[in-house]
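Biologist: I should like a close look at a single part of this model, namely its salt bridges. Please explain which residues take part and where they lie.

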Amino acid sequence: MTPHAFTDYIAHIGDRTPLYTAVAEYTGARRVIYPGSYLDLAPSYVWDDVTYLDSDHRAQRAFTRTHAIEAARARKRYSGEPRINFHPGDYTQTLRELPTAAWDLAISLYAGPISEHVKELLRPHGWLLANNSHADAGLAHLDPDYQLAAAIQHRNSRYTLTTTDLDRYLQPRRPPHPTRDQLHAIGRGIAYTHPAAAYLFRYRTAPPQDQPSRHAH
């Protein structure tokens with residue numbers, strides 16, 4: 001496994017660097033955690049401090065050698081050295097071993113219900129970037145600990161953030177919206193009236209007053 005594994009993966013899935021750049025500019029996040037990353041190293045082209053977690057042996061080989069640092073150095077958009085940490089194994093287990101309230105942004109793309117597992121790791125008013133391939137945007141939408149902050153559209157290789165009229169997003173084409181248990185059973189996202197490529201949520205330090213408290217902070 002060589003540094004080319006990361007660039008080959010970009011060639012396969014497309015370059016997400018513009019997505020991460022748009023999110024970085026909007027959120028001001030500095031420290032990022034990415035469960036279920038596989039070989040998506042593009043966050044380290046944008047942020048200098050990223051923690052990756054994945055159970056796939058190919059990701060483990062690539063990240064636990066020097067290849068990730070070499071690949072990030074070649075494409076980074078910041079002046080300092082990339083700081084890359086990788087934790088092998090099932091993220092639902094390995095996340096429990098990490099410090100709480102230590103990251104500004106969590107990335108959830110094509111890797112399951114990450115929103116449910118990263119809350120204690122996010123700093124107050126931290127961020128969640130999620131898409132809906134595994135229903136995680138829908139799960140975050142139903143979670144009182146998260147508030148939709150922006151819908152992200154992808155057109156002509158550009159990503160734009162919409163922060164107005166957010167009530168029209170995450171509305172099912174066939175109401176009512178499935179419950180959390182139903183989304184877990186389905187295992188994939190549902191169709192929405194106004195779909196987006198991804199969604200940006202703000203993590204609340206306390207639930208809204210009309211919701212019961214779920215965490216002590």
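Modeller: The account below takes the salt bridges one pair at a time and then turns briefly to other parts.

The model is a predicted one. It holds 11 salt bridges, and three of them are described here, beginning with the pair formed by Asp-49 and Arg-31. The side chains of these two residues meet with a nitrogen-to-oxygen distance of 3.5 Å. Asp-49 belongs to strand S2, residues 49-54, while Arg-31 belongs to strand S1, residues 31-35, so the pair ties together parts that stand 18 residues apart in sequence. The two partners can also be described by their accessibility. Asp-49 has a relative accessibility of 11% and therefore counts as buried, since the cut-off for that term is under 20%. Arg-31, at 23%, counts as partly exposed.

The next pair joins Asp-48 to Arg-83, whose closest N and O atoms are 3.6 Å apart. Asp-48 is found in the loop between helix H3 (43-46) and S2, and Arg-83 in strand S3 (residues 83-88), so this salt bridge ties together parts that are 35 residues apart in sequence. Asp-48 is partly exposed at 25% relative accessibility, and Arg-83 is also partly exposed, with a value of 44%. These two pairs should be considered together: Arg-31, Asp-48, Asp-49 and Arg-83 are linked in a network of salt bridges.

A further salt bridge is formed by the side chains of Arg-123 and Asp-104, at 2.9 Å from N to O. Arg-123 lies in strand S5 (residues 122-130) and Asp-104 in strand S4 (residues 103-108), so the pair ties together parts that are 19 residues apart in sequence. Here Asp-104 is buried, with a relative accessible area of 14%, whereas Arg-123 is partly exposed at 31%.

To place these pairs in context, one may consider the segment that precedes strand S1. Helix H2 spans residues 17-27, and 8 of its 11 residues are buried, so the helix is largely enclosed by the rest of the structure. Among the buried residues are Leu-19, Tyr-20, Val-23 and Thr-27. Just after H2, Gly-28 takes a positive phi of about 70°.

Leu-19 has a further role in the description, for the residues nearest the centre of the largest pocket are Arg-16, Leu-19, Tyr-110, His-154 and Tyr-159. This pocket encloses about 230 Å³ of space. Its lining comprises 14 residues, which divide into 8 nonpolar, 4 polar and 2 charged.

Technical notes
Residues are numbered from 1 along each chain as its sequence is written. This is a predicted model: local features need pLDDT of at least 70, side-chain atom pairs count only at pLDDT 80 or more; totals for chains, interfaces and linings use all residues. Side-chain values use heavy atoms; hydrogens and water are left out. Buried means under 20% relative accessible area, exposed over 50%, partly exposed in between (1.4 Å probe, protein chains only). Helices (H or I, at least four residues) and strands (E, at least two) are DSSP runs, numbered from the N terminus. On a 1 Å grid over the protein atoms alone, a cavity is a set of points where a 1.4 Å probe fits but cannot get out, and a pocket is an open set with protein on both sides within 12 Å along at least five of seven lines; lining residues have an atom within 4 Å of a point. Grid points are joined across faces, edges and corners, and a volume is the space filled by probe spheres set on the points. Ala, Val, Leu, Ile, Met, Phe, Trp, Tyr, Cys and Pro count as nonpolar, Asp, Glu, Lys and Arg as charged, and the others, Gly among them, as polar. A salt bridge is a side-chain nitrogen of Lys or Arg within 4 Å of a carboxyl oxygen of Asp or Glu.
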